[in-house]
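Here's a quick briefing on the model below. Have a look at the structure, then read on for confidence, overall make-up and one residue up close.

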Amino acid sequence: MSFSCAKAFLRRFCNDGFQMESNSHSFFSTDLLPSLGARINQTTKLRQAWEMFLIFLVVYSSWISPCQFAFLTYKQGTLFIIDNIVNGFFAIDIFLTFFVAYLDRRSYLLIDDPKKIATRYISTWFIFDFCSTAPFQPLSLLFTEHSSGLGFKALNMLRLWRLRRVSSLFARVEKDIRFNYFWTRCTKLISVTLFAVHCGGCFNYLIADRYPDPRKTWIGAVMPNFKEESLWNRYVTAIYWSITTLTTTGYGDLHAENPREMLFDIVYMFFNLGLTAYLIGNMTNLVVHGTSRTRNFRDMIQAASEFSARNQLPPQIRDQMLSHICLKFKTEDLKQNETLNGLPRAIRSAIAQNLFLPIVQKVDLFQGVSSDFLLQLVSEVEAEYFPPKEDVILQNETPTNMYILVSGAVVHGRAVAGDIFGEIGI
């Protein structure tokens, strides 16, 4: 493949992926027709696979970076090779970003000029992406024998910048109708909690590991030779301390023993106050959102019953009121009128023709009329539901609507499915 062909493929790969992400319902909605006629082709699927592969690498980086910062002594080995391979993939992604078109916020035009793309990327996120991908640990081997210096480990924590990809992923999944919103939000909240527990345990262990007197630390008080313990035992102990502190349980078996640990515990508990408020607030919104519909239904039933009793309405009218509220609750998920009212008139007309035209054409009253008249008529048709034993039109009442019975039957009018009533009055 020549260089020009490779460059053209790269540009098509990046631009097609951007168009699909910007124009479709969501990043994953490949089974929906994207807006503006965008097509989902092989290069778009390739870009999606690449993005999901990078998300997997981000999860690995977000877990291993705090562990290396606190527990591990960086040296050449299997982990050295894996980390550099991961950094290599993100370096490739930085290179590909120079070919990704972007949407101008002022003109709302798709900018695919390589110079403008490069200028925008370098002036925004390039420096952060570069710092999170630069191989600081391999470079540190040139200065220290085992690369265990705290400064180089802190630079390695810059890889956590990649977590912004996970945040963007959740933002896209929350808008994807193929995924349940409740469980998506729960997964996000659980992920945030686990990451906070993981980082808190690693940072607290690092303070104990760097303290001059190991016995006067939170872990040294219960495990005097904790540095000789296995990595698994030390990590589990750190996570145990972190989660008991996060949940404010605090059994007291693991607690701060020196001023450094006390200061860190103060900061960590203040952070936990904000995190707990965030978690409780989100879970409350999810639960309230799921039960608000039932609560409103019960309030309407109670209000209707009190209204009927206060005004001494006949039992028949009261039963019709309650039946109508119950039917409205059961059919609320349909929300046909609310959905149609938010659409352009041309789309509403097309939907009405698809739903109501076959029904209207079968009515005897409209036999022989022109097609144009029927098309205009169906655009004014609305679906309405009535519970059993409810009055649709009262006797001697002048109706303002004509009804076409689709399913069910009208007892006193002796109408069955396909019949009409109310046409004489209008």
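This is a predicted model, and the protein averages a pLDDT of 80 (the predictor's confidence in each residue, from 0 to 100), with 83% of the residues scoring at least 70. Local features need pLDDT of at least 70 and side-chain atom pairs count only at pLDDT 80 or more, while totals for chains, interfaces and linings use all residues. Residues are numbered from 1 along each chain as its sequence is written, and side-chain values use heavy atoms, leaving out hydrogens and water.

**Confidence**
- Helix α10 (residues 231-246) comes out highest, at a mean of 93, and helix α1 (residues 3-23) lowest, at 48.
- Across residues 16-39 the pLDDT drops below 50, yet the model still gives this stretch 56 contacts (heavy atoms within 4.5 Å) beyond near neighbours in sequence.
- Where pLDDT is low, don't read the predicted coordinates in detail.

**Overall make-up**
- You'll find 15 helices and 4 strands in the protein; these are DSSP runs (helices: H or I, at least four residues; strands: E, at least two), numbered from the N terminus.
- Of the 426 residues, 34% are buried (under 20% relative accessible area, 1.4 Å probe, protein chains only).
- Take the contacts between residues at least 6 apart in sequence: 63% of them join residues at least 24 apart.

**A look at S132**
- S132 sits in helix α5 (residues 126-133).
- S132 is buried, at a relative accessible area of 2%.
- Setting aside neighbours within four places in sequence, S132 touches N87, L158, R159, W161 and R162.

Note on methods. Buried means under 20% relative accessible area, exposed over 50%, partly exposed in between (1.4 Å probe, protein chains only).
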